[in-house]
Amino acid sequence: RHSLPDPLGATSTSAAPFVFLFVFFVGEGKKKKMDPNVMPTIQNIVCTVNLQCRLELKEIAKHARNAEFNPKRFAAVILRIREPKTTALVFASGKMVCTGAKSEDQCKLAAKKYAKIIRKVGFPTRFSDFKIQNIVGSCDVRFPIHLERLSSGPHMSFCTYEPEIFPGLIYRMVEPKIVLLIFVSGKIVLTGAKEKKQIYDAYSAIYPVLANFKKLP
């Protein structure tokens, strides 16, 4: 059995096992021309920041607005802001994970706002080590895809398809290193990118492949 990739943006930091983020839900032969109106939309960007100080999570939960803290369930304070609409997981170590932004600029702005909120509670935070950990995109190619043929053809080594466990085909692209969740309806989720260009490059690479496995009426 294969573990499913996390399309919601779990990070690769040491805090990753605790992070539960709820968000959404190559070519061969003759090149198929892409529909210029169909391009991936960025759904979520996950970043990490080091605030460079130890934090008392109970104090943050007590004094910060829109804060949740249940140490028996989760070892972090959950903070939320409306603009940009994001969620932050703040750990006692000073590490912070921010999710929900739709652009890199939004992600960095939100992380700075969370750092400021924590500073106002009384902790000497310093904004450092900002890093984009995951960018998630999605799109719809607008035609049904024959997943069985795709998973058993020349792309078999890149594919995992176990419909009794998960309805989508998991395609692990090598370059760029992106994981795609491909559904029979034509909907696609692209995850694992560190920059937006990788999302668009992966889509450009996979589109002619999917066009070759288009389901006929």
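Here is a conversation between a visitor and a guide about a predicted model of a protein chain.

Visitor: Let's start wide. What makes up the secondary structure of the protein chain?

Guide: Four helices and 10 strands. Going along the sequence, the pattern reads β-α-β-β-β-β-α-β-α-β-β-β-β-α.

Visitor: How are the strands ordered in the sheet?

Guide: The open sheet of 10 strands has the order 2-3-4-5-1-6-10-9-8-7, and the pairing is antiparallel. Strand 2 (67–68) and strand 7 (159–160) each have a single partner strand, so they stand at the edges, with one side of each left without a neighbour in the sheet.

Visitor: How do you know that strand 1 and strand 5 pair?

Guide: Count the bridges. Two strands need at least two bridges to count as a pair, and strand 1 (residues 41–50) shares five with strand 5, in the antiparallel sense. So the pair passes the cut-off. As an example of who faces whom, N50 stands opposite K95 in strand 5.

Visitor: And what joins strand 4 to strand 5?

Guide: Four bridges, and again the two run antiparallel. Strand 4 covers residues 85–90. T87 has T99 in strand 5 as its bridge partner, while L89 has V97. The two strands form a hairpin with four residues between them, and G94 in the turn has a positive phi of about 100°.

Visitor: Why is strand 5 called largely enclosed?

Guide: Five of its seven residues (95–101) are buried, so the rest of the structure largely encloses this strand.

Visitor: What makes a residue such as T48 buried?

Guide: T48 has a relative accessible area of 9%. Buried means under 20%, so T48 qualifies. T48 lies in strand 1, and its side chain is joined to that of Q133 by a polar contact of 2.9 Å.

Visitor: Why is that called a polar contact?

Guide: The cut-off for a pair of N or O atoms is 3.5 Å. The side chains of T48 and Q133 come in at 2.9 Å, so the distance fits.

Visitor: How much of the protein chain is buried?

Guide: Buried residues account for 45% of the 217 residues. As for the outside, the accessible surface is about 12,100 Å², and carbon and sulfur atoms hold 54% of that.

Visitor: Which residues touch the most other members of the largest nonpolar core?

Guide: I60 and I182, in a core of 54 residues. Helix 4 (residues 196–212) gives the most to this core, with nine residues. Setting aside neighbours within four places in sequence, I60 is in contact with L55, A67, V77, L79, V90, I118, V121 and F123.

Visitor: How many salt bridges does a search of the whole structure find?

Guide: Four. One of them joins K196 and E104.

Visitor: What makes K196 and E104 a salt bridge?

Guide: Their closest N and O atoms are 3.9 Å apart. The cut-off is within 4 Å, so this pair counts. K196 lies in helix 4 and E104 in helix 2 (residues 104–121), so the salt bridge ties together parts that are 92 residues apart in sequence.

Visitor: Are those two residues buried or exposed?

Guide: Neither. K196 has 28% relative accessibility and E104 has 25%. Partly exposed runs between the 20% and 50% cut-offs, so K196 belongs there, and so does E104.

Visitor: What about K187 and D140, what do their side chains form?

Guide: A salt bridge, at 3.5 Å from N to O. K187 lies in strand 10 (residues 187–193) and D140 in strand 6 (residues 128–140), so this pair ties together parts 47 residues apart in sequence. K187 is partly exposed at 46% relative accessibility, and D140 is partly exposed at 26%.

Visitor: Where do D201 and K197 lie?

Guide: Both are in helix 4, four residues apart, which is about one turn of the helix. Their side chains meet in a salt bridge of 2.6 Å, N to O.

Visitor: Why is K197 called exposed?

Guide: K197 has a relative accessible area of 52%. Exposed means over 50%, so K197 passes. D201, at 33%, is partly exposed.

Notes. Residues numbered from 1 in each chain as written. Predicted model: local features only at pLDDT ≥ 70, side-chain atom pairs only at ≥ 80, totals over all residues. Heavy atoms only, no water. Buried < 20%, exposed > 50% of the residue type's maximum accessible area, 1.4 Å probe, protein only. Areas by Shrake-Rupley, 256 points an atom, 1.4 Å probe, with all protein chains shown as cover. Core = buried A, V, L, I, M, F, W, Y, C linked by side-chain atoms within 4.5 Å. Contact = heavy atoms within 4.5 Å. Polar contact = N/O pair within 3.5 Å; in protein donor to acceptor, adjacent residues only side chain to side chain.
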